[in-house]
Amino acid sequence: MRSAVFGIIELSWWQLALALLLVFVIAAISLRERLGLERDLVIGAVRAIVQLYLVGLILAAVFSAARWYWVLMILVVMVAIATHAAVSRLGKPIPGVYWIAATALTLSTAATLTYVIGVVIEPRPWWEPQYLIPIAGMILGNSMTSAALAGDRLQSDLFARRDEVEARLALGFSGREAVQPLVRAALRAAMIPTVNGMMTVGVVQLPGMMTGQILAGASPLTAIRYQIVVVFMMAVATTLGSLGFVRLAVGRYLTPAHQLRRYLL
Amino acid sequence: MQDAIFQVQHLSLAYPARRGHRAATILDDISVDVERGSALTLVGPSGSGKSSLLRCLNRLEEPTAGVVRFCGRPIIQLDPRELRRRAALVQQAPVLFEGTVRDNLMVHAPSAALDASGSRLREALTEVGLDLALLERDAVMLSGGERQRVTIARALLRDPQVLLLDEPTSALDPPNAMLVVETICRLRDTRGLTIVAVTHTPELVRRLGGALLYLVKGRVQAYEPVHDGGVIDERLQAFLSGTHP
């Protein structure tokens, strides 16, 4: 069944079921090539449907309730999930890492979101869920990925280059000075994918948000304006997320007496 | 001891139990003095705590009990960065940073001044017996012995009172090891440096003289002066001659 509402083709359950056939194509390839991915594919497909459907229900409820505290609660839940996801990607535990990740993600998201919503887009009211939630989601997603990337790189470098750090400490460097080259490498590792992405955005593929807007009937010229905002917003979220996480996390590896806590490595 | 530059009193070091690791005692009730201008050699089997004791002296490691005094003052009252400039550590595997030998000699903390004039750099290289032409060579091109001597020169530029050497010859072939032994002994004589060295090299033990501390499983097994290039304790003699079980 097809019905055009405001230029949007609404998808029926039947049409979604047709899309699901694509998963069966992958499952068939996996079986034929003996990739052993069939079970994970089915679980992944079911999870995607259930998760997205639940999110859709919740967002629809929040949009219609139109209360700022519901929006805030959604944001808190998003930060909590992003914190857990960022921490779980680390190779080894760091004491207090949940607080570190939560602080870095909250601050980086709050700073970016305040600027983008309050200064650039200016929706009325400012907490308008239609704008705030998806934009916060994109910011948080980038902060989370960059924090995890930077944290992982910092951990592996601290282990691999511990003698180098201690050589600097032995030469009279402070703890922060001794780990500075490693902090720099971790930040670069986290930021390079975003910087590279800016080089090719729109050329290699159309970004998700822009694609979504065009599919939803927006003019491509409107869509690119939002996309430009999103690209810069994600770049700053990446930078602030990784910077906050690495700066806070590296402190856990150092003592006030400028020593490296080797037992944490 | 009348003029001890380092005084170690009842020092213990233990690591607490953590996920996947049991609690471990690294050093247990160590007391030893290091006389100014003299040498202390730390020997013992692997895992006996020699390097940890060395790292406690410049506070790269924090003891769980006991006191370390440097020039009469507990080291916890000193700025660790200043302590580490005065008691310079040379690591077992020489760490050189990216760049030339000159770059490596000039490495210093942004918060601390270092007199790294051309004449000082040349002087430091000469003191460790290296050719001045090496100054502009990329550090990755150096041999093991040259690398170790560059790290010693880098430490000397801070005008330390003590050199802490962690198995300085263990990664070197015999000719290079001998050059490093020569360098260390010469520095002790010319600069009046105090040397604390972890080593398995009998030649370095004999040449340095001073006192010898034999550690096993973090405890002192023997602590005695080296007389005329020899040691009295049979366990020590056996260890140094390689016949210890």
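A crossover counts as right-handed if, with the strands pointing away from the viewer, the path from the first strand over the helix to the second runs clockwise. Helices (H or I, at least four residues) and strands (E, at least two) are DSSP runs, numbered from the N terminus.

This model is predicted: local features need pLDDT of at least 70, side-chain atom pairs count only at pLDDT 80 or more, and totals for chains, interfaces and linings use all residues. Residues are numbered from 1 along each chain as its sequence is written, while chains are lettered from A and ligands numbered from 1 in the order in which they are written.

**Exercise 1. Find the right-handed β-α-β unit that contains β8(B), and say how its strands pair.**

Step 1: Start at β7(B), go through helix α6 (residues 174-191) of chain B and end in β8(B); that is the right-handed unit.
Step 2: Now look at the pairing, which takes at least two bridges found by DSSP between two strands. Five bridges join β7(B) to β8(B), and the two run parallel.
Step 3: For one spot along the way, L163(B) sits opposite I195(B) of β8(B).

**Exercise 2. Place β8(B) in its sheet.**

Step 1: Read off the strand order in chain B: β6-β7-β8-β3-β9-β10, six strands in an open sheet with mixed pairing.
Step 2: Check the edges. β6 (87-90) and β10 (219-225) of chain B each have a single partner strand, so one side of each has no neighbour in the sheet.
Step 3: Turn to β3 (residues 39-43) of chain B, which runs parallel to β8 (residues 194-198) of chain B and is joined to it by four bridges. Here T41(B) has A197(B) as its bridge partner, and A39(B) has I195(B).

**Exercise 3. Is β8(B) largely enclosed or left open?**

Step 1: Call a residue buried if 20 or more other C-beta atoms lie within 10 Å of its own, exposed if 12 or fewer, and partly exposed in between, with C-beta atoms placed from the backbone.
Step 2: Five of the five residues of β8(B) are buried, so the strand is largely enclosed by the rest of the structure.
Step 3: Sort them by direction: T194(B), V196(B) and V198(B) point one way, I195(B) and A197(B) the other.

**Exercise 4. Which backbone oddities sit in the loop between α4 and α5 of chain A?**

Step 1: P125(A) lies in this loop, between α4 (97-121) and α5 (129-160), and a cis peptide bond joins R124(A) to P125(A), with omega about -10 degrees.
Step 2: E122(A) is there too; its phi is positive, about 50 degrees, although it is not a glycine.
Step 3: E122(A) is exposed, with 10 other C-beta atoms within 10 Å.
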